[in-house]
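I opened this model to look up a few items and note them as I went. The entries below follow the order in which I checked them.

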Amino acid sequence: MKRHLISAADLTRDDAVLILDTAEEMARVADRPIKKLPTLRGRTICNLFFEDSTRTRISFEAAEKRLSADVINFAAKGSSVSKGESLKDTAQTLEAMGVDAVVIRHSASGAPYRLATSGWIDAPVINAGDGTHQHPTQALLDAFTMRRRLVGRDAGLGKGLDGRRITLVGDVLHSRVARSNVDLLHTLGAEVTLVAPPTLVPVGVETWPCEVSYSLDEVLPKSDAVMMLRVQRERMNAAFFPTEREYSRRYGLDSARMAKMPEHALVMHPGPMVRGMEITAEVADSDRCTVVEQVANGVSVRMAVLYLLLGGSEPAVTTPAAARTEENK
Amino acid sequence: MDAQAAQLQHDDATRPVLEAQDIARVLTRIAHEIVERAKGADDVVLLGIPTRGVFLARRLAAKLEEITGNKIPVGSLDITMYRDDLRMKPARAIGRTEIPGDDIDGRLVVLVDDVLFSGRTIRAALDALGDLGRPRAVQLAVLVDRGHRELPIRADYVGKNLPTSLRETVKVQLQEEDGRDAVLLGQGLDQAGARR
């Protein structure tokens with residue numbers, strides 16, 4: 001892995017497993033009376049949010065604060081960006097202020113990559129979602145949740161998700177969560193199936209390391225986890241399906257469909273949920289649904305990513321073996 | 001060529017300072033000392049510092065159990081996140097922190113580590129303990145004290161005092177991790193490489 005986290009596809013299996021294992025230790029901090037570590041004391045991290053996202057921003061903020069970093073929150077709305085400032089100028093301002101890392105969310109696919117590779121800024125860049133491209137920490141927290149539930153909290157350490165069958169359902173076309181998850185789950189050894197209306201399957205999906213099906217009912221009985229994706233109305237510029245009702249009937253998850261899943265199978269959702277459309281309230285509130293758990297795990301996974309990218313003089317994930325030997329000295 | 005090879009071998013040579021039976025004897029002595037000082041070890045919690053400190057803590061707990069007849073709680077305390085040299089080296093993989101029972105409030109915590117050197121690891125461990133609770137007292141047990149302290153820290157129980165030069169290395173091997181029990185004194189590593 002490079003010193004930035006731009007795409008889930010950049011992670012090797014060793015990188016991904018190291019992040020998940022580190023997150024497992026970070027999760028223990030959340031159980032303590034004092035939920036704080038001095039690890040990133042004196043480091044400044046800027047959360048650069050050009051697109052609204054309360055959930056992801058506060059998750060990153062919680063992770064940064066638990067590691068004792070100083071946090072600057074930047075929201076594009078009401079900032080000089082709305083007066084016409086470019087990404088380059090914003091980046092150079094942050095560089096001049098001595099920011100140690102930038103967490104960026106942008107509505108344009110590729111904005112974090114541009115920020116990381118253009119030389120405008122020296123600090124590590126963490127992608128917190130760019131357009132319809134990638135959302136790597138979301139994929140990591142999903143994989144973390146699946147590993148915990150399907151393999152076990154302690155039994156999962158050092159392991160991937162080999163042979164598990166994961167199904168992603170819904171608006172794949174507009175979903176950065178789907179793209180990141182396909183990349184990461186494949187890296188971790190899982191078999192991924194996408195289920196979506198033909199209009200919401202992206203062009204070129206045949207090059208992705210996954211299968212595509214149009215029938216949810218056929219795939220459900222052989223899934224270890226089913227992740228429902230949000231229908232992203234704000235990104236829809238055409239009529240991709242006739243009515244919400246029809247979408248819900250063919251691709252929504254209700255209790256009758258949930259009953260077809262194996263006993264141990266999970267229901268996941270990256271949030272925010274549109275109840276009644278992708279998922280019924282009954283399923284969303286059931287024990288099998290991990291939505292709330294995913295939020296808690298998000299903080300642990302982001303702590304792990306921040307620690308591994310910022311905790312040393314160089315990213316640990318480039319040399320996990322060397323880092324381990326070092327510890328034993 | 002032969003002379004060079006012999007020289008190399010000499011540089012790499014390691015000399016055992018403690019063998020398996022010495023380590024067992026030393027741990028038995030430390031266990032007795034703990035019981036004596038804690039007047040029975042009723043509220044003792046042993047916390048090993050990964051990796052080898054944890055194995056030593058478990059062995060000490062077994063010995064304490066033999067002596068007192070009570071079960072002694074053992075855990076591990078990873079100090080990676082509390083180190084003061086995080087920014088000087090690549091980020092390290094994080095070890096396991098496990099606190100036995102409910103908490104350490106009001107207990108006598110005995111930290112267990114293999115080698116006491118600069119004292120920075122122990123300082124980090126004390127910081128970590130401060131975030132976990134408020135023990136009645138904290139004591140330190142180490143298998144080897146090799147000197148060269150950089151902080152005012154002293155062990156309460158020492159297996160062996162081993163005056164070393166900074167050029168020498170001290171390597172502890174334990175059955176659980178390395179397949180044999182030994183403390184080896186070596187030559188030739190530079191100062192930075194030898195530092196914990």
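**Interface of chains B and A**

I began with charge pairs, and across the interface of chain B and chain A I found two salt bridges. The model is predicted, so I kept to side-chain atom pairs at pLDDT 80 or more. I then looked up the pair B:Arg96 and A:Asp154, whose side chains meet in a salt bridge with N to O at 3.3 Å. For polar contacts between chain B and chain A, I noted a count of five residue pairs.

Next I asked which element of chain B gives the largest share of the side that touches chain A. Helix H4 of chain B, residues 120–132, does, with three residues. By class, I have that side of chain B down as nine nonpolar, six polar and nine charged residues.

I also took the extent of the interface: 24 residues of chain B are in contact with 30 residues of chain A. The two chains bury about 2500 Å² between them, and I recorded that 50% of this area is on carbon and sulfur atoms.

**Cavities**

I searched for enclosed space and listed four cavities of 30 Å³ or more. The largest cavity holds about 110 Å³ of space. I counted 14 residues in its lining, of which A:Val29, A:Arg32, B:Met81, B:Ile94 and B:Thr97 are the closest to the centre. Helix H1 of chain A, residues 13–29, gives the most to this lining, with four residues. I sorted the lining of the largest cavity into eight nonpolar, two polar and four charged residues.

**Salt bridges overall**

Over all chains I have 34 salt bridges. One I looked up is A:Asp162 with A:Arg13, where the closest N and O atoms are 2.9 Å apart. What does this pair tie together? A:Asp162 lies in the loop between helix H5 (136–151) and strand E5 (165–169) of chain A, and A:Arg13 lies in helix H1 of chain A, so the salt bridge ties together parts 149 residues apart in sequence.

**Backbone checks**

I noted a cis peptide bond between A:Gly271 and A:Pro272, with omega about -15°. A:Pro272 sits in the loop between strand E9 (266–268) and helix H10 (281–284) of chain A.

I noted another cis peptide bond between B:Pro50 and B:Thr51, with omega about 5°. B:Thr51 sits in the loop between strand E2 (44–48) and helix H3 (52–68) of chain B.

Last, I checked phi of A:Ser68, a residue other than glycine, and found a positive value near 65°. I placed A:Ser68 in the loop between helix H2 (54–66) and strand E2 (70–75) of chain A.

Notes: Residues are numbered from 1 along each chain as its sequence is written. Chains are lettered from A and ligands numbered from 1 in the order in which they are written. This is a predicted model: local features need pLDDT of at least 70, side-chain atom pairs count only at pLDDT 80 or more; totals for chains, interfaces and linings use all residues. Side-chain values use heavy atoms; hydrogens and water are left out. Contact means heavy atoms within 4.5 Å. Buried area is the accessible area (1.4 Å probe) that two parts lose on being put together, summed over both. A salt bridge is a side-chain nitrogen of Lys or Arg within 4 Å of a carboxyl oxygen of Asp or Glu. A polar contact is a pair of N or O atoms within 3.5 Å; within protein, one must be able to donate a hydrogen and the other to accept it, and residues adjacent in sequence count only if both atoms are side-chain atoms. Helices (H or I, at least four residues) and strands (E, at least two) are DSSP runs, numbered from the N terminus. Ala, Val, Leu, Ile, Met, Phe, Trp, Tyr, Cys and Pro count as nonpolar, Asp, Glu, Lys and Arg as charged, and the others, Gly among them, as polar. On a 1 Å grid over the protein atoms alone, a cavity is a set of points where a 1.4 Å probe fits but cannot get out, and a pocket is an open set with protein on both sides within 12 Å along at least five of seven lines; lining residues have an atom within 4 Å of a point. Grid points are joined across faces, edges and corners, and a volume is the space filled by probe spheres set on the points.
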